[in-house]
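Thanks for asking me to look over this model. My notes are below as numbered points, to be read alongside the structure.

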Amino acid sequence: MWFGIVSLFPEMFDIATQAGVLGRAVTQGVVNLEVFNPREFVTDKHRTVDDRPYGGGPGMVMMVEPLTRALQAARKVAADRTLDAPVVYLSPQGDRLDQRKVANLARYEGLILLAGRYEGVDERVIEAEVDEELSIGDYVLTGGELPAMIVMDAISRLLPGTLGNAASALEESHLDGLLDYPHYTRPENTAAGRVPPVLLGGDHAAVRNWRRKEALRRTWQVRPDMLAQRPLSDEERKLLAELFDLDLD
Ligand code: 9D3
């Protein structure tokens, strides 16, 4: 998958592409990344990319011309490679990113990710150039670069040929839509406690059941909203009833 990034801080992307699953995906060529810096597309003496907002108020706004040129350059690379690559603007006003949106974005051959700085971009750029506007959550960041990296990270682990792929296949199984069950590794006994005995016994059916029950317990306790989104199997209703001594019928 090809990512064209439009950002005033290209160096920020070095870190993300040098380590972890995303870094490996880049090294392996499963993911390709090209950064387009709007500042490189302006010719005035100070290479200005931002200006004061019309109507007054605090902060600065990213200007139309540098952004449009950088986006055109990214579009041209995508077109030359005959890639379908929509423009995604990372912004606090966007739709909230979730795993369903990540999976849908992963189907594209390419994506052009626009990372804003300052108070944001001139609204006319959004109207003319942006296909989808995405936020990563309700907290205030200083720009769209980290959100763009988060989008790439989440997508890259779903792509064939990256290490996250085995894990994502598992995610589509019966534990889909639940929080993870607790994990343990050696040694069996530590100052922090023992491993639950069921995991040591080699009864795979018992282990499966225990994990599903623990996943349900945690989801019920910390993310009841996730359970409300998801139909429960008879087996899961039984486990939940056992856990909390509830009558779910
Ligand atoms: C405090 C400034 N805010 C005035 C009401 C507006 C504002 C503008 C730009 C707040 C944050 C930002 C920079 N953030 C992003 O570019 C961003 C973001 C975020 O802040 N939170 C969650 N997802 C995203 S995606 C892009």
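1. Which strands and helix each supply at least two residues of the lining of the second largest pocket? Keep in mind that this is a predicted model. The contributors are strand E5 (87–96), helix H5 (123–129) and strand E7 (132–135). Among them, E5 gives the largest share of the lining, with 5 residues.

2. Staying with that pocket, its volume is about 550 Å³. There are 27 lining residues, and those closest to the pocket centre are Leu-90, Ser-91, Pro-92, Gln-93 and Glu-119. If you are thinking about the chemistry of the lining, it divides into 12 nonpolar, 9 polar and 6 charged residues.

3. On the overall layout, the domain assignment splits the protein chain into domain 1 (2–156) and domain 2 (171–244). The C-alpha centres of these two domains lie 38 Å apart.

4. Helix H8 (204–222) is a good one to look at next. H8 has 19 residues, and the distance from its first C-alpha to its last is 27 Å, close to the 27 Å expected at 1.5 Å a residue. Its buried residues are Val-207, Trp-210, Arg-212, Glu-214, Ala-215, Leu-216 and Thr-219. The cover over these buried residues includes H9 and H10.

5. Now take the view from helix H10 (234–244), where Glu-236, Leu-239, Leu-240, Ala-241 and Leu-243 are buried. The elements covering them include H8 and helix H9 (224–228). So that you can place the end of this helix, H10 is followed by Asp-245, which has a positive phi near 55°.

6. Some backbone angles deserve a check, with a bit of background first. Most residues other than glycine have a negative phi, and most peptide bonds are trans. Against that, Arg-47 is not a glycine and yet has a positive phi of about 50°. Arg-47 sits in the loop between strand E2 (32–36) and strand E3 (50–51). Is this residue, Arg-47, buried or exposed, or partly exposed? With a relative accessible area of 34%, Arg-47 is partly exposed.

7. Tyr-118 is another residue to put on your list: its phi is positive, about 55°, although it is not a glycine. You will find Tyr-118 in the loop between strand E6 (110–115) and H5. Its relative accessibility is 35%, so Tyr-118 counts as partly exposed.

8. Where is the cis peptide bond that involves Pro-187? The bond runs from Arg-186 to Pro-187, and its omega is near 0°. Pro-187 belongs to the loop between helix H7 (165–171) and strand E8 (189–190).

9. Finally, please go back to the loop between E2 and E3, which also holds Asn-37. Asn-37 is buried because its relative accessible area is 12%, and buried means under 20%. Leaving aside residues up to four places away in sequence, Asn-37 touches Ser-7, Leu-8 and Pro-10. In that loop, then, Asn-37 is buried, whereas Arg-47 is partly exposed.

Technical notes. Residues numbered from 1 in each chain as written. Predicted model: local features only at pLDDT ≥ 70, side-chain atom pairs only at ≥ 80, totals over all residues. Heavy atoms only, no water. Buried < 20%, exposed > 50% of the residue type's maximum accessible area, 1.4 Å probe, protein only. Helix = DSSP H or I, 4+ residues; strand = E, 2+ residues; numbered from the N terminus. Contact = heavy atoms within 4.5 Å. Domains from an automatic or database assignment. 1 Å grid on protein atoms, 1.4 Å probe; cavity = no way out; pocket = protein on both sides within 12 Å on 5 of 7 lines; lining within 4 Å. Points joined across faces, edges and corners; volume = space filled by probe spheres on them. Nonpolar A, V, L, I, M, F, W, Y, C, P; charged D, E, K, R; others polar. Expected span 1.5 Å × (residues − 1).
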